Amino acid sequence: MLAGLTLTDRLGTTTVPISTSALELWEEWYGNLSPESVANLLSQYMRQPLAIRVWLHMSSSSFRLFLKDEKTPVGSGKRRLLRSPGGETYAYHHIFVLEESYQGKGMVARLLKNLLDMYQPLGITKVRLTAGLSQGGQIWPAYGFRPEGLSQWRQVGDQVRARLRRLRVPAQREREIRDYLDGDDPREIWALRDLKAPELAQEFPHGLGKSLLNGTRWQGILDLGDTLAVIRLKDAFRRKL
Ligand SMILES: CC(C)(COP(=O)(O)OP(=O)(O)OC[C@H]1O[C@@H](n2cnc3c(N)ncnc32)[C@H](O)[C@@H]1OP(=O)(O)O)[C@@H](O)C(=O)NCCC(=O)NCCS
């Protein structure tokens, strides 16, 4: 459900239809997709009205998504399209925050599905982000994101080990977790995120792995060229959508 679309360029703010002066910049970033089709793709799975504000620049284009309940915003986040030094377009997802009463309802899955459906015709196969705030560290690995590179994975390892030292986790579980962390493949974060430890359900009602990752901060990537990441993503969509 679309509540509104606003386009902003250095010449000022306009609502669709887009002015000819901004059209070139629009095509630079959104190719053959019209503003209306971007708006439709971004709002297709949302149950809440969605307002979109797009900024167009030579070096990037950002868009901010505002989820609304009637007229009140209940969530918002900024996303950006950029070019890597090699000329490949990728997306960067800045922080997304949902009002508390809207959390835990799979909103983020619907939003991500919309975004990826929009990226697909643009040939975007890499989505980067900084996992952080309270939930980001445990949410994004559910959708196939992983720390980008070994040093980011080691950074997650340091944060989780520090947490393990403070928590009372049985030795066998601790060994299991350390095994994941010692691995050299950042995709080990997926197994860690999925670690439930049902015997500790009282202390960690969301599952041990999610609790350990909650609050961690790392630079992450969803690489749609990685079959395993895509399988994980599709599995999350099957469960959440
Ligand atoms: C991150 C956020 C946008 C996620 O949106 P959402 O639509 O609520 O997410 P979902 O409903 O898909 O998932 C909630 C998941 O978090 C888990 N979870 C919730 N609270 C948790 C907690 N305290 N500890 C561990 N896991 C928790 C749930 O078990 C669920 O896991 P599942 O995917 O295995 O089912 C939202 O929670 C939010 O706004 N959080 C505060 C801001 C923030 O941390 N943003 C991230 C910035 S990168």
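The shell around the ligand draws residues from both domain 1 (1–124) and domain 2 (125–225), so the ligand lies between them; these bounds come from an automatic or database domain assignment. The structure is a predicted model, in which local features need pLDDT of at least 70 and side-chain atom pairs count only at pLDDT 80 or more, while totals for chains, interfaces and linings use all residues. Residues are numbered from 1 along each chain as its sequence is written.

A good place to begin is the ligand. Of the 25 residues around the ligand, those that come nearest are Gln 103, Leu 133, Gln 135, Gly 136 and His 206 (near: C-beta atom, placed from the backbone, within 6 Å of the molecule). Two or more shell residues are given by each of β6 (89–98), α3 (107–119), α4 (136–139) and α8 (208–213), where helices (H or I, at least four residues) and strands (E, at least two) are DSSP runs numbered from the N terminus. With four residues, β6 gives the most to this shell. The shell comprises eleven nonpolar, eleven polar and three charged residues; Ala, Val, Leu, Ile, Met, Phe, Trp, Tyr, Cys and Pro count as nonpolar, Asp, Glu, Lys and Arg as charged, and the others, Gly among them, as polar.

A pair of helices comes next. Gly 157, Val 160, Arg 161 and Leu 164 in α5 meet Glu 174, Ile 177 and Leu 181 in α6 (contact: C-beta atoms, placed from the backbone, within 7 Å). By class, four nonpolar, one polar and two charged residues make up this contact of α5 with α6.

Notes. Two residues are in contact if their C-beta atoms, placed from the backbone, lie within 7 Å.
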